[in-house]
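Here are my notes for when you next open this one. I have kept them as numbered points so you can follow along in the viewer.

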Amino acid sequence: MTAYPETVLAQTQHNCASRDAVTRFLNTLHAEHLSAVGLVNPQTVAEIYVSEQGTWTIVVTNVAGVSCLVLSGQDWQNVAKPEAKADNISR
């Protein structure tokens with residue numbers, strides 16, 4: 001896969017709005033709700049929104065409250081978190 005930062009930057013300018021507006025859009029248009037959150041860096045949070053129909057969207061939000069749609073797709077599947085392995089070392 002080849003990345004073209006200029007193209008992505010140009011696209012994100014059109015896919016950004018306040019976080020409230022973005023979440024309303026995802027809920028109204030796709031019935032997507034927040035499913036996961038992760039810290040990208042101290043100024044940026046990544047969020048994954050998922051619908052019961054399997055559509056999904058990744059949103060990045062900055063500290064100013066501006067959210068940008070980064071990726072979206074279909075057929076989202078949750079994967080069970082693996083159980084932690086017990087320490088098998090004898091003492």
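1. Let's begin with Ala64, which has 64% relative accessibility and therefore counts as exposed, the cut-off being over 50%. Ala64 sits in the loop that links β4 and β5. If you would like a landmark, its C-alpha atom is 9.5 Å from that of Thr44, a residue 20 places away along the chain.

2. A word on confidence before going further, as this is a predicted model. The protein chain has a mean pLDDT of 84, with 78% of its residues at 70 or more. Strand β3 has the highest confidence, at 97, while helix α1 (residues 5–14) has the lowest, with a mean of 47.

3. Please go gently with the start of the chain. Over residues 1–12 the pLDDT stays under 50, and the model gives this stretch one contact beyond four places in sequence. Where pLDDT is low, the predicted coordinates should not be read in detail.

4. Now to the sheet. Five strands form an open sheet in the order β1-β5-β4-β3-β2, and their pairing is antiparallel. At the edges are β1 (16–18) and β2 (33–41), each of which pairs on one side only. From one strand to the next, the twist averages 30°.

5. The pairing of β3 and β4 deserves its own point. Residues 44–50 make up β3 and residues 56–62 make up β4, and the two run antiparallel with seven bridges between them. Which residue of β4 is the bridge partner of Val50? That partner is Trp56.

6. Helix α2 (residues 19–30) lies across β1, β2, β3, β4 and β5, the last of these spanning 66–73. Relative to β1, helix α2 runs at about 105°.

7. Is Thr57 buried or exposed? This residue belongs to strand β4. Its relative accessibility is 5%, so Thr57 counts as buried, for which the cut-off is under 20%. That makes a nice counterpart to look at after Ala64, which counts as exposed.

8. The surroundings of Thr57 are worth displaying as well. Its side chain makes a polar contact of 2.7 Å with the side chain of Glu32. Leaving aside residues up to four places away in sequence, Thr57 touches Leu26, Glu32, Glu47, Ile48, Tyr49, Leu69, Leu71 and Ser72. Glu32 thus appears both as a polar partner and in the list of residues touched.

Notes:
Residues are numbered from 1 along each chain as its sequence is written. This is a predicted model: local features need pLDDT of at least 70, side-chain atom pairs count only at pLDDT 80 or more; totals for chains, interfaces and linings use all residues. Side-chain values use heavy atoms; hydrogens and water are left out. Two strands pair if DSSP finds at least two bridges between them. Helices (H or I, at least four residues) and strands (E, at least two) are DSSP runs, numbered from the N terminus. Axes are lines fitted to C-alpha atoms, for helices over the stretch in contact, and angles run from 0 to 180 degrees between N-to-C directions. Contact means heavy atoms within 4.5 Å. Buried means under 20% relative accessible area, exposed over 50%, partly exposed in between (1.4 Å probe, protein chains only). A polar contact is a pair of N or O atoms within 3.5 Å; within protein, one must be able to donate a hydrogen and the other to accept it, and residues adjacent in sequence count only if both atoms are side-chain atoms. pLDDT is the predictor's confidence in each residue, from 0 to 100.
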